[in-house]
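I opened the notebook to record what I looked up in one structure. The sequence and coordinates come first, and my entries follow.

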Amino acid sequence: MFIIKRGPIISIIGLVLVIVSLSIASSVVPSNISEINNFSNSLFEEMFNEMTNEIQIMPGDSTYFSYSTFSSDVPLLWGIRIIDYQPGDKLSIKVSNIFGDDYGDFIQNDPILFEMLDISQSDTLNLEIKNIGTRNVNVIAMFSEDPDNFDPLSNSDTSTMNTVLILAFSGFFLILGIIISVIGTIVILVDLKNNQGNKRSY
């Protein structure tokens, strides 16, 4: 009897692990738009050295953000985030310094754009952001100087670290549960085949 029942038991164990993993994930994932925005804001605040205030840009208009680097020969990670993004939102971004040197032109069609720049010496970067979409958008700029040495995940007290650990824990159990469920299903099929073979032999 044990051989016949082992497949369902294994499948149930896998299903329980999947349910537990989804419950763990749902405990840290926000359930409404307001909570999602607050959650993402807190994560970005821990990922970047500096975040600007939210600025609204009307279609065809431009706004400017500036950031002064403090070190030389370090990378600068910068990003632009469109708050309450909707399909069709589009930004044109031009990056230069106070001397007029061009660091590149970028088009943003997604909620968030990240780019890395190599800064050879202390400099002040200017970001000209133009709204080339059809509706008003609210944007913020984010900067992280020398991001390789700015690691919020190394601090176990941050919500970023806590959230990543919980989601990693949940993901591990989800994968494990799926694998166990598949094994259980295979065992059920094998046992059914063997059971039918035993009946025919009688």
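The entries below go through strands, salt bridges, two single residues and a surface patch.

**Entry 1: status of the model**

I note at the start that this is a predicted model. I counted side-chain atom pairs only at pLDDT 80 or more.

**Entry 2: strand β8 and its partners**

I began with strand β8, which covers residues 124-131. Which side chains of β8 are buried, and which are not? Leu-125, Leu-127, Ile-129 and Asn-131 point to one face and are buried. Thr-124, Asn-126, Glu-128 and Lys-130 point to the other face and are not buried.

I then looked up the strands paired with β8. Strand β3 (residues 62-68) runs antiparallel to β8 and is joined to β8 by seven bridges. Within this pairing, Ser-66 has Asn-126 as its bridge partner, and Ser-62 has Lys-130. Strand β5 (residues 91-97) is also antiparallel to β8, again with seven bridges. Here I found Ser-92 bridged to Lys-130. Lys-130 is thus a bridge partner of Ser-62 in β3 and of Ser-92 in β5.

I checked β3 for alternation as well. Thr-63, Phe-65 and Tyr-67 point to one face of β3 and are buried. Ser-62, Tyr-64, Ser-66 and Ser-68 point to the other face and are not buried. Ser-66 of β3 is not buried, and its partner Asn-126 in β8 is likewise on a face that is not buried.

**Entry 3: salt bridges**

How many salt bridges does the structure hold? I count three salt bridges. Side chains of opposite charge can pair when their charged atoms come close.

I took Arg-135 and Asp-89 to begin with: their side chains meet in a salt bridge at 2.8 Å, N to O. The two residues are 46 residues apart and link distant parts of the chain. Arg-135 sits in the loop between β8 and β9 (137-145), and Asp-89 in the loop between β4 (74-83) and β5. Is Asp-89 buried or exposed? With a relative accessible area of 3%, Asp-89 is buried, because the cut-off for buried is under 20%. Arg-135 is partly exposed, at 25%.

I went on to Lys-94. Its side chain meets that of Asp-102 in a salt bridge at 3.8 Å, N to O. Lys-94 also forms a salt bridge with Asp-105, with the closest N and O atoms 3.8 Å apart. Lys-94 lies in strand β5 and Asp-105 in strand β6 (residues 102-108), so this pair ties together parts eleven residues apart in sequence. Through shared partners, Lys-94, Asp-102 and Asp-105 are joined into one network.

I looked up accessibility for each member of the network. Lys-94 is partly exposed at 33%, and Asp-102 is partly exposed at 48%. Asp-105 has a relative accessible area of 55% and counts as exposed, because the cut-off for exposed is over 50%.

**Entry 4: Tyr-85**

I found Tyr-85 in the loop between β4 and β5, partly exposed at 27% relative accessibility. What does Tyr-85 contact, leaving aside its neighbours within four places in sequence? The contacts are Asn-109, Asp-110, Pro-111 and Arg-135. A polar atom of the Tyr-85 side chain lies 2.5 Å from the backbone oxygen of Asn-109. I also noted Ile-112, which is 27 residues from Tyr-85 along the chain, with the two C-alpha atoms separated by 9.0 Å.

**Entry 5: Asn-131**

Asn-131 lies in strand β8 and is buried, at 1% relative accessibility. Where does the side chain of Asn-131 reach? It reaches the backbone oxygen of Arg-135 at 2.8 Å. Arg-135 is the residue that I listed above in a salt bridge with Asp-89. Leaving aside neighbours within four places in sequence, I found Asn-131 in contact with several residues, including Ile-57, Met-58, Pro-59, Lys-90, Leu-91 and Val-137.

**Entry 6: surface patch**

Last, I looked up the surface. A nonpolar patch there is formed by Ile-178, Val-182, Ile-186 and Val-190, with about 330 Å² of accessible area together. I placed Val-190 in helix α3, residues 159-201. Val-190 counts as partly exposed, at 39% relative accessibility.

Technical notes
Residues are numbered from 1 along each chain as its sequence is written. This is a predicted model: local features need pLDDT of at least 70, side-chain atom pairs count only at pLDDT 80 or more; totals for chains, interfaces and linings use all residues. Side-chain values use heavy atoms; hydrogens and water are left out. Patches are made of residues with over 30% relative accessible area and no salt bridge: like charges are joined within 9 Å, nonpolar side chains (Val, Leu, Ile, Met, Phe, Trp, Tyr) within 5 Å. Accessible areas come from the Shrake-Rupley method with a 1.4 Å probe; for residues, only the protein chains shown count as cover. A salt bridge is a side-chain nitrogen of Lys or Arg within 4 Å of a carboxyl oxygen of Asp or Glu. Helices (H or I, at least four residues) and strands (E, at least two) are DSSP runs, numbered from the N terminus. Buried means under 20% relative accessible area, exposed over 50%, partly exposed in between (1.4 Å probe, protein chains only). Two strands pair if DSSP finds at least two bridges between them. Contact means heavy atoms within 4.5 Å. A polar contact is a pair of N or O atoms within 3.5 Å; within protein, one must be able to donate a hydrogen and the other to accept it, and residues adjacent in sequence count only if both atoms are side-chain atoms.
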